[in-house]
Amino acid sequence: MRRYAKPVVVADDLAMLNGRTSGVVTLPHHLDWSGAADYNLDSAGRIVDLYRTVLIEATKATDLHEFLDQATLFPTACPAPQA
């Protein structure tokens, strides 16, 4: 018997991960339905909470592009492209 498996969402291109890294970010209801969707990224550990939520709950690649940042997610393994 097959059980339901949530589809995995993958970014189209890591360079498209341009989310904020400071300030307060409010996730839309489809990503954070807990009632505490505000994340102050200047508080220690909150960016980890935001990234965990987005990675688990994302339903489309644009969710990843909007809320994750390449340099924060992959600080040494995938450095940001140089202009």
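**Exercise 1. Locate Asp69 in the chain and describe the surroundings of its side chain.**

Solution. The first step is the position: Asp69 sits in the loop that connects H2 with helix H3 (70–73), where helices (H or I, at least four residues) and strands (E, at least two) are DSSP runs numbered from the N terminus. The model is a predicted one, in which local features need pLDDT of at least 70 and side-chain atom pairs count only at pLDDT 80 or more, while totals for chains, interfaces and linings use all residues. Residues are numbered from 1 along each chain as its sequence is written, and side-chain values use heavy atoms, with hydrogens and water left out.

The second step is burial and charge. Asp69 is buried but has no salt bridge, and the nearest side chain of opposite charge, that of Arg20, is 10 Å away. Here buried stands for under 20% relative accessible area, exposed for over 50%, and partly exposed for what lies in between (1.4 Å probe, protein chains only). A salt bridge requires a side-chain nitrogen of Lys or Arg within 4 Å of a carboxyl oxygen of Asp or Glu; for charge, Lys and Arg count as positive and Asp and Glu as negative, whereas His and the chain ends are not counted.

The third step is the neighbours. The side chain of Asp69 makes a polar contact of 3.0 Å with the side chain of Thr72, a polar contact being a pair of N or O atoms within 3.5 Å, of which, within protein, one must be able to donate a hydrogen and the other to accept it, and for which residues adjacent in sequence count only if both atoms are side-chain atoms. Once neighbours within four places in sequence are set aside, Asp69 is in contact (heavy atoms within 4.5 Å) with Leu17, Asn18, Gly19, Thr21 and Tyr51.

**Exercise 2. Describe the setting of Asp32 in the same terms.**

Solution. Begin again with the position: Asp32 belongs to the loop between strand E1 (24–26) and strand E2 (38–40). Asp32 is buried and has no salt bridge, the nearest side chain of opposite charge being Arg46, at 6.3 Å. Beyond four places in sequence, the contacts of Asp32 are with Leu27, Ala37, Tyr39 and Thr53.

**Exercise 3. Trace the salt bridges of the structure and state how accessible the partners are.**

Solution. The structure holds three salt bridges. Take the pair Arg46 and Asp49, whose closest N and O atoms are 3.1 Å apart; these two residues are three apart in helix H1 and therefore separated by about one helical turn. Arg46 is partly exposed, with a relative accessible area of 25%, and Asp49 is also classed as partly exposed, at 26%.

Next, Asp49 meets Arg52 in a salt bridge of 3.3 Å, N to O, and this pair too is three residues apart in helix H1, about one helical turn. Arg52 is partly exposed at 46% relative accessibility. Taken together, Arg46, Asp49 and Arg52 are linked in a network of salt bridges.

Finally, Lys60 forms a salt bridge with Asp63, with 3.7 Å between the closest N and O atoms. Lys60 is partly exposed at 40% relative accessible area, whereas Asp63 is buried at 3%.

**Exercise 4. Work out how His30 is placed relative to Asp63.**

Solution. His30 lies in the loop between E1 and E2 and is partly exposed, at 35% relative accessibility. His30 and Asp63 are 33 residues apart in sequence, and their C-alpha atoms are 9.9 Å apart in space. Their side chains are joined by a polar contact of 3.1 Å. When residues up to four places away in sequence are not counted, His30 touches Glu57, Thr59, Lys60 and Asp63.

**Exercise 5. Identify the residues of the largest nonpolar core that touch the most other members, and the elements that contribute to this core.**

Solution. The core has 15 residues, among which Leu27, Leu50, Val54 and Leu64 touch the most other members; such a core is a set of buried Ala, Val, Leu, Ile, Met, Phe, Trp, Tyr and Cys residues joined through side-chain atoms within 4.5 Å. Helix H1 (46–57) and helix H2 (61–67) are the elements that give two or more residues to this core, and H1 supplies the largest share, four residues. Leu64, not counting residues up to four places away in sequence, touches Val9, Val10, Ala11, Leu17, Val54, Leu55 and Ala58.
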